[in-house]
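Q: Please zoom in on one strand in this model and tell me what packs around it, then place it in the wider fold. I'd like the cut-offs spelled out as you go.

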Amino acid sequence: MYPMAPLIRTALNATARLAPGTAGRLAFHLFVRPLGRARVRPGEEALLATARTGHLQVQGKDVVTYTWGDGRRPVLVVHGWSSRASRLTALTEALLARGYSPVAFDAPGHGDSSGRASNIVEYREIIRELHARHGDFDAVVAHSFGVLAALFALRDGVRTARFVGLGGVGSFELLLAGFRAGLGLDERVLRCMRDHVERRIAPHEPGIWDRFDADRDPGELGAPVLLFHDEDDDMVPLAQSRLLAGAHGDRARLVVTRGLGHRRILTDPEVVAEAVEFLTAPTGEAGEAGEVGEAGEVRTARAGEAVDHRVTAG
């Protein structure tokens, strides 16, 4: 995954002992760099062509934004890591067709935005700015790392009536563990990186590192939550969405799909339809939990349970 991993491992592990500040800065720069820049796919071109594109600045980087609709009933759409806004085309089109006004962006280092890297703090700043421009969101729809970043922003002043997460990361520690294992880094390196984030990236927010986990202070969201996660997801374990569902209690419903993986879940017609149904349900019904069994029989689950909704992939 990381070119020259043995050399990087040796250098960072040694530097952490001799120059912790330098090790933290170098490790952070590696950690926040996407693995390539996703390109627009043919099936995404038509929707992008109809978007009103805009720009905002975050940390000196130009961030490209996209809006559709008449501006009423805004829904924020948040892409994942090494991805771009257009990957959520199916959901964006469905929302637009139901009268919502989707709002999306390419994070720095992603899609058409400038820069070579981004991080969860920058995602939060972008979401805050979009919230200031468009007002409270009718809903937020996020994928993968975007779930972690969106929930971080939603616990920090951004407001939404409903939240949908697909293949979501719930624990920041999952990302750190993957980064450490991929390079074979000592725990000391991660401590240096944490110190760098708290001193240089967010110096006015003591303890910010501990607030990155999406299951922290879930009561601050105060909105119904619908989560989709595929049992065959090879990027983010299903346990991550189960963690989120458990944290949000009776406000949350977990839909477990089969055979869609981490990416096809974004375009599956049944997933898209159920997400839109959740978003358009009358107030008070969006948080009700139900289960669809293998034979398609709909059953009502006990309130407060995160339930599995088995969707057979085509």
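A: Here's a walk through the end of one strand, followed by the cores and the pocket. Bear in mind that this is a predicted model, where local features need pLDDT of at least 70, side-chain atom pairs count only at pLDDT 80 or more, and totals for chains, interfaces and linings use all residues. Numbering runs from 1 along each chain as its sequence is written, and side-chain values use heavy atoms, with hydrogens and water left out.

The strand is β5, residues 139–143, which contains H143 as well as A142; strands are DSSP runs (E, at least two residues), helices are H or I runs of at least four, and both are numbered from the N terminus. A142 has a relative accessible area of 0%, so it counts as buried. H143 comes in at 6%, which also puts it in the buried class. Buried here means under 20% relative accessible area, exposed is over 50%, and partly exposed sits in between (1.4 Å probe, protein chains only).

Now for the neighbours, with contact meaning heavy atoms within 4.5 Å. Skipping residues up to four places away in sequence, H143 touches V78, H79, G80, L88, L166, H262 and L266. With a matching exclusion, A142 meets V78, V147, A150, F163, V164, G165 and L166. A142 and H79 are 63 residues apart along the chain, yet their C-alpha atoms are separated by 6.0 Å.

Zooming out, V78 and F163 are among the residues with the most contacts inside the largest nonpolar core, which has 65 residues. Helix α6 (residues 145–154) gives the most to this core, nine residues in total. A core is a set of buried Ala, Val, Leu, Ile, Met, Phe, Trp, Tyr and Cys residues joined through side-chain atoms within 4.5 Å. There's also a second, separate core of 31 residues, including L48 and F228.

Last stop: the largest pocket, lined by 44 residues, with S144 and W81 among those nearest its centre. Helix α7 gives the most to that lining, with five residues. A pocket is an open set of points on a 1 Å grid over the protein atoms alone, where a 1.4 Å probe fits and protein lies on both sides within 12 Å along at least five of seven lines; lining residues have an atom within 4 Å of a point.
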